[in-house]
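Take a look at the chain below. The walk goes from the overall layout to the strands, then to the helices.

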Amino acid sequence: MTVQQHNDPGARPAAVPSPMPSLHDGPAQSPIPLPDRSKGVVEPAPESAPVLETGSSEFPQPKLRLKIQDVAHPGAVAFFGAVNAAKVLSTAVNNVLRLLYRAPADPYTAVPPTRSVTLVLRDMPGVAYTTGTDLDNDHKEIHFSLNYINSISPASRLTSEITGVLTHELVHCYQWNAQGTCPGGLIEGIADWVRLRCALSPPHWKKDTHGGWDRGYQHTAYFLEYLEARFGEGTIRRLNEKLRQRKYKTESFWPELLGSSVEKLYSDYIDNSNGNDI
């Protein structure tokens, strides 16, 4: 989904999320690489263990708001017929926080200070995008196309697709982006990885190892899921934390995190996807 950076004069319509302020001044120590579990179970199907949080969260919750530009639009009618807006947003926020962060009491947890999220349902091209507000970047807006909602077919997929898009966009409200230097493909891949882990992937998603690891969206999401299985639960959480600590440099980021270059990791992923041992 397209993400805009609202307050930055140099922002483009399709850019990485607005840079979030670091929560401490000095550089943090690099995480110790996680153990390589490539000889064990490599990739459990995320659909077999969906993460669907419905209860309360220990994390501070943002103020959730809803704006509808045209209540008579067929997309608005479809939206309210498919989901409870308050429940779907709060559940998605809880899922994002549980997957990307440790418990709030953990001293290594540093959740971005998102104070409010406003869902704007409006007539527009595309699918959805996330932006900061005129107030500041602690307040986010998710713009969701009523035209797209109205186009979802069959109708039985409305609830899952709406929930999946909102989950993806809420990741952009809470993920770190290496002070604005993280590749857009990784930003979008993390958002779709959360969607994948919540068993909200649409039917057309499939593993496609053509092209680079940083193609973004579901292509990068499946690569990240492979890393999560290979190096253990919490790998992508640690990746997100490392994106908080400093600016992104490909040559050092991946070896510090996982002990190998991203090219080698992606080559292993391709071999694994083709049914070869790594």
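Two strands count as paired if DSSP finds at least two bridges between them. The model is predicted. With that criterion, S2 pairs with strand S4, residues 139-145, in the parallel sense over 7 bridges. In this pairing, Leu 119 has Ile 142 of S4 as its bridge partner.

S2 has another partner. Strand S1, residues 63-68, also runs parallel to S2, and 6 bridges join the two. Here Lys 67 stands opposite Val 120 of S2. S2 thus has parallel pairings with both S1 and S4.

How much of S2 is covered? Strand S2 spans residues 116-122, and 7 of its 7 residues are buried. Buried here means under 20% relative accessible area. In a regular strand, side chains alternate between the two faces of the sheet. One side of S2 carries Ser 116, Thr 118, Val 120 and Arg 122. The other carries Val 117, Leu 119 and Leu 121. Both faces are covered.

Now step back to the whole chain. It holds 9 helices and 4 strands. From the N terminus on, the order is β-α-α-β-β-β-α-α-α-α-α-α-α. The chain has 278 residues, and buried ones make up 52% of them. Its contacts also reach across the sequence. Take contacts between residues at least 6 apart in sequence: 73% of them join residues at least 24 apart.

Next, the helices. Helix H4 covers residues 158-174. Is it mostly covered or mostly open? H4 is mostly covered, with 15 of its 17 residues buried. Its length can be checked too. At 1.5 Å a residue, the 17 residues of H4 should span 24 Å. The expected span is 1.5 Å times one less than the number of residues, which is why the count of 17 leads to that value. The end C-alpha atoms are 25 Å apart, which agrees.

Finally, consider a helix pair. Two packed helices are described by the angle between their axes and the distance between the axes. Helix H5 (residues 184-197) packs against helix H7 (residues 235-245) at an angle of about 145°. Their axes are 12 Å apart. The crossing of H5 past H7 is left-handed. Which residues make the contact? H5 supplies Leu 186, Ile 190 and Trp 193, while H7 supplies Ile 236, Leu 239 and Leu 243. By class, the contact of H5 with H7 has 6 nonpolar residues, no polar and no charged.

Key:
Residues numbered from 1 in each chain as written. Predicted model: local features only at pLDDT ≥ 70, side-chain atom pairs only at ≥ 80, totals over all residues. Heavy atoms only, no water. Buried < 20%, exposed > 50% of the residue type's maximum accessible area, 1.4 Å probe, protein only. Axes fitted to C-alpha atoms, helices over the stretch in contact; angles between N-to-C directions. Left-handed = near helix turned anticlockwise from the far one by under 90°. Contact = heavy atoms within 4.5 Å. Nonpolar A, V, L, I, M, F, W, Y, C, P; charged D, E, K, R; others polar.
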